[in-house]
Amino acid sequence: MLYRSIVAFSLTFLLGVAQGQNDSAEALVAGKTKADMTYRQLMEILGRASAMMHEGVLRENQQMVKEGAKIILNHPAPNHKPWEIMETGDQPGFKQSLLAFDEILDKQASQVAELAGRGSWVEANGAMNALNTSCITCHAMWRGRIKR
């Protein structure tokens, strides 16, 4: 029950954030370099980047954190429109999530890298936990709704 409450709150919050933005999901995707990979493959790369950052925090290795953050901050777009993985009725909400989470993850990855760069490892760990929570929240909201 708590899990569903967290997901519902997160979705409400994200929709509010996305509604306040002037950009569209189409503009976000168009502004990125296209890569020859699917959205799933992109998520796998971002997961590895997050893992690199996590390991960098654990090992107190600023370069690992910086390189993982760079991947997150500069990731390309997949070779298709990401929202096409969802049923038609879910696509508008997924587009809003893309906008909101892109901004949130960029801010959080930058914060982890900044804190690691200062050697503030306990704070970097806290920021890394926030980044991981954002990833898990998005997955909880959308993973079960992907077209099969």
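In the predicted model, D102 is placed in helix α5. With a relative accessibility of 16%, D102 falls under the 20% cut-off and therefore counts as buried. Leaving out residues up to four places away in sequence, D102 touches L28, K32, H75 and S97. One of these contacts, that with K32, is a salt bridge in which the closest N and O atoms are 4.0 Å apart. The bridge joins distant parts of the chain, since K32 belongs to the loop between α2 (25-30) and α3 (39-59), whereas D102 belongs to α5 (residues 91-117), and 70 residues separate the two. Both partners, K32 and D102, are buried.

The pair formed by K32 and D102 belongs to a wider set, as eight salt bridges are found in a search of the whole structure. Side chains of opposite charge can pair when their charged atoms come close. A second bridge is formed by the side chains of D90 and R145, with an N to O distance of 2.9 Å. D90 is situated in the loop between α4 (62-73) and α5, and R145 in the segment after α6 (121-142), so this bridge ties together parts of the chain that are 55 residues apart in sequence. The two partners fall into separate accessibility classes: D90 has a relative accessible area of 17% and is buried, while R145 is partly exposed at 35%. A further bridge connects the side chains of E114 and R118 at 3.0 Å, N to O. Here E114 is partly exposed, with a relative accessibility of 48%, and R118, at 53%, is exposed because its value is over 50%.

The protein chain as a whole contains six helices and zero strands, giving the pattern α-α-α-α-α-α when read along the sequence. Of its 148 residues, 39% are buried. Among contacts in the chain with a separation of 6 or more, 77% are between residues 24 or more positions apart.

Helix α5 comprises 27 residues, and the distance from its first C-alpha to its last is 38 Å, close to the 39 Å expected at 1.5 Å a residue. The helix is followed by G119, which has a positive phi near 75°. For α4, the end C-alpha atoms are 16 Å apart, in agreement with the span of 16 Å that its 12 residues should have at 1.5 Å a residue. At the start of α4, a side-chain oxygen of N61 comes to within 3.0 Å of the backbone nitrogen of Q63.

The buried residues of α4 are V65, G68, A69 and I72. These residues lie on the same side of α4, because the arc they cover around the axis is only 100°. An α-helix has 3.6 residues a turn, so residues three or four places apart point the same way. The buried residues of α4 pack against α3, α5 and α6.

Two of the buried residues of α4, V65 and I72, also appear among the residues with the most contacts inside the largest nonpolar core, together with M53, F94 and V112. This core has 32 residues, and the elements contributing two or more residues to it are α2, α3, α4, α5 and α6. When residues up to four places away in sequence are not counted, F94 touches Y39, P82, W83, I85, M86 and W142.

The contact between F94 and M86 leads to the loop between α4 and α5, where M86 is found. M86 counts as buried, its relative accessibility being 1%. Apart from neighbours within four places in sequence, the contacts of M86 are Q91, F94, W142, R145, I146 and K147. R145, the partner of D90 in a salt bridge, is thus also in contact with M86. Between the C-alpha atoms of M86 and R148, which are 62 residues apart along the chain, the separation is 9.0 Å.

Note on methods
Residues numbered from 1 in each chain as written. Predicted model: local features only at pLDDT ≥ 70, side-chain atom pairs only at ≥ 80, totals over all residues. Heavy atoms only, no water. Helix = DSSP H or I, 4+ residues; strand = E, 2+ residues; numbered from the N terminus. Buried < 20%, exposed > 50% of the residue type's maximum accessible area, 1.4 Å probe, protein only. Expected span 1.5 Å × (residues − 1). Arc of directions from axis to C-beta. Contact = heavy atoms within 4.5 Å. Polar contact = N/O pair within 3.5 Å; in protein donor to acceptor, adjacent residues only side chain to side chain. Core = buried A, V, L, I, M, F, W, Y, C linked by side-chain atoms within 4.5 Å.
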